[in-house]
Amino acid sequence: SDVGVPTTLKVIDRLQKRVLLDKFINPSELNKLLRDEMTDLLTENEKAFGAGATKGPAPKPYVIMVVGVNGVGKTTTCINLSACLSVAEKKTLLVDMDPQSNATTGLGIDKNDLDISIYDILTKRSFDSRPVTLQDIIVSFDQIKFLDIAPASPDLAAAEIELVNAIAREKCLDSILSSVRDKYDYIIIDCPPSLGLLTINV
């Protein structure tokens with residue numbers, strides 16, 4: 001399946017048509033509509049992919065949301081898209097790479113109560129006398145069993161400074177995610193609103 005710019009534009013087009021046709025104004029109606037449209041598109045894409053598929057393992061799809069300004073719905077889109085994919089029973093990992101940690105708080109996690117987060121992995125911190133791994137920080141949800149999150153904390157703001165002298169500093173996240181790529185159908189990454197080292201990693 002391809003969930004990138006083409007599919008996003010399809011979703012937007014479908015939503016606009018449905019809202020105009022059915023006069024949706026209630027947020028709960030719009031949320032259900034978004035879930036339904038995402039599920040339909042994923043089903044269509046999977047059928048199209050299956051029709052022309054060749055033998056061998058299918059390539060793992062990845063979704064990266066990057067918009068270099070504030071207030072345009074990056075985090076909201078990441079959270080909603082992750083939720084829609086999980087409702088469609090696609091194993092999804094949401095990675096919060098924004099020091100504002102809004103994807104983390106948006107899923108009900110208190111960013112100030114985290115003992116370890118994505119920051120600790122990027123900067124190679126230790127926890128319980130061993131290096132922190134991605135599995136250590138991933139949080140799962142009983143209510144949404146196909147969705148996990150790698151949360152962030154405000155400490156992540158210091159990572160760009162701490163990684164300045166690191167070798168291959170722009171590939172730290174790639175190395176981190178390599179340990180879980182085969183476990184997820186989709187990995188969605190929420191980025192900060194700037195083209196700094198954290199965004200470059202994504």
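## Surface and overall make-up

The protein chain exposes about 11,300 Å², and carbon and sulfur atoms supply 54% of that area. What you have in front of you is a predicted model. Its secondary structure comes to nine helices and seven strands. Of the 202 residues in the chain, 39% count as buried.

The contacts in this chain reach well along the sequence. Taking those with a separation of 6 or more, residues 24 or more positions apart account for 72% of them.

## How far to trust it

Before zooming in, a word on confidence. The chain averages a pLDDT of 80, and 75% of the residues score at least 70. Among its elements, strand S6 (residues 147-150) has the highest mean pLDDT, 96, while strand S1 (residues 63-65) has the lowest, 55. Where pLDDT is low, the predicted coordinates should not be read in detail. With a mean of 55, strand S1 is the element of lowest confidence here.

## Helix H3 and what follows it

Helix H3 covers residues 74-87. At 1.5 Å a residue its 14 residues should span 20 Å, and the end C-alpha atoms are 20 Å apart, so the expected and modelled spans agree. The buried residues of H3 are Lys74, Thr75, Cys78, Ile79, Leu81, Ser82, Cys84, Leu85 and Ser86. An α-helix has 3.6 residues a turn, so residues three or four places apart point the same way.

Lys74 deserves a look of its own: this lysine lies in H3 and counts as buried at 9% relative accessibility. Its C-alpha is 9.4 Å from that of Ala103, although the two residues are 29 apart in sequence. Just after H3, Glu89 takes a positive phi of about 65°.

## Two more positive phi angles

Most residues other than glycine have a negative phi. Ser101 and Lys124 both go against that habit, and their surroundings make a nice pair to compare. Ser101 has a phi near 60° and is found in the loop between strand S2 (92-96) and helix H4 (102-106). Lys124 has a phi near 55° and lies in the loop between helix H5 (118-122) and strand S3 (126-127).

Are these two residues buried or exposed? Ser101 is buried, with a relative accessible area of 0%, whereas Lys124 counts as exposed at 72%.

## Thr104, Ser117 and Ala150

Thr104 is found in helix H4 and is buried, at 0% relative accessibility. A polar atom of the Thr104 side chain lies 2.9 Å from the backbone nitrogen of Ala152. Beyond its neighbours within four places in sequence, Thr104 is in contact with Asp96, Ile109, Leu114, Ile149, Pro151 and Ala152. Ser117 sits in the loop between H4 and H5 and is buried as well, at 1% relative accessibility. The Ser117 side chain makes a polar contact of 3.2 Å with the side chain of Ser153. With neighbours within four places left aside, the contacts of Ser117 are Ile137, Pro151, Ala152 and Ser153. Pro151 and Ala152 thus appear in the contact lists of both Thr104 and Ser117.

Ala150 belongs to strand S6, the element with the highest mean pLDDT. At 0% relative accessibility, Ala150 counts as buried. Its contacts, again leaving aside neighbours within four places, are Leu93, Leu94, Val95, Asp96, Leu134 and Ile137. Asp96 is listed for Thr104 too, and Ile137 for Ser117. Ala150 and Ile189 are 39 residues apart in sequence, with 9.4 Å between their C-alpha atoms.

## Cysteines without disulfides

How many disulfides does the model hold? The count comes to zero. For Cys191 the reason is distance: its sulfur is 7.1 Å from the closest cysteine sulfur, in Cys78, which is too far for a bond. A disulfide would need the two sulfur atoms within 2.5 Å.

Cys191 is buried, with a relative accessible area of 0%. Its closest sulfur partner, Cys78, is one of the buried residues of H3. Cys172 counts as buried too, at 14% relative accessibility.

Technical notes. Residues are numbered from 1 along each chain as its sequence is written. Side-chain values use heavy atoms; hydrogens and water are left out. Helices (H or I, at least four residues) and strands (E, at least two) are DSSP runs, numbered from the N terminus. Buried means under 20% relative accessible area, exposed over 50%, partly exposed in between (1.4 Å probe, protein chains only). Contact means heavy atoms within 4.5 Å. Accessible areas come from the Shrake-Rupley method with a 1.4 Å probe; for residues, only the protein chains shown count as cover. A polar contact is a pair of N or O atoms within 3.5 Å; within protein, one must be able to donate a hydrogen and the other to accept it, and residues adjacent in sequence count only if both atoms are side-chain atoms. pLDDT is the predictor's confidence in each residue, from 0 to 100. The expected span of a helix is 1.5 Å times one less than its number of residues.
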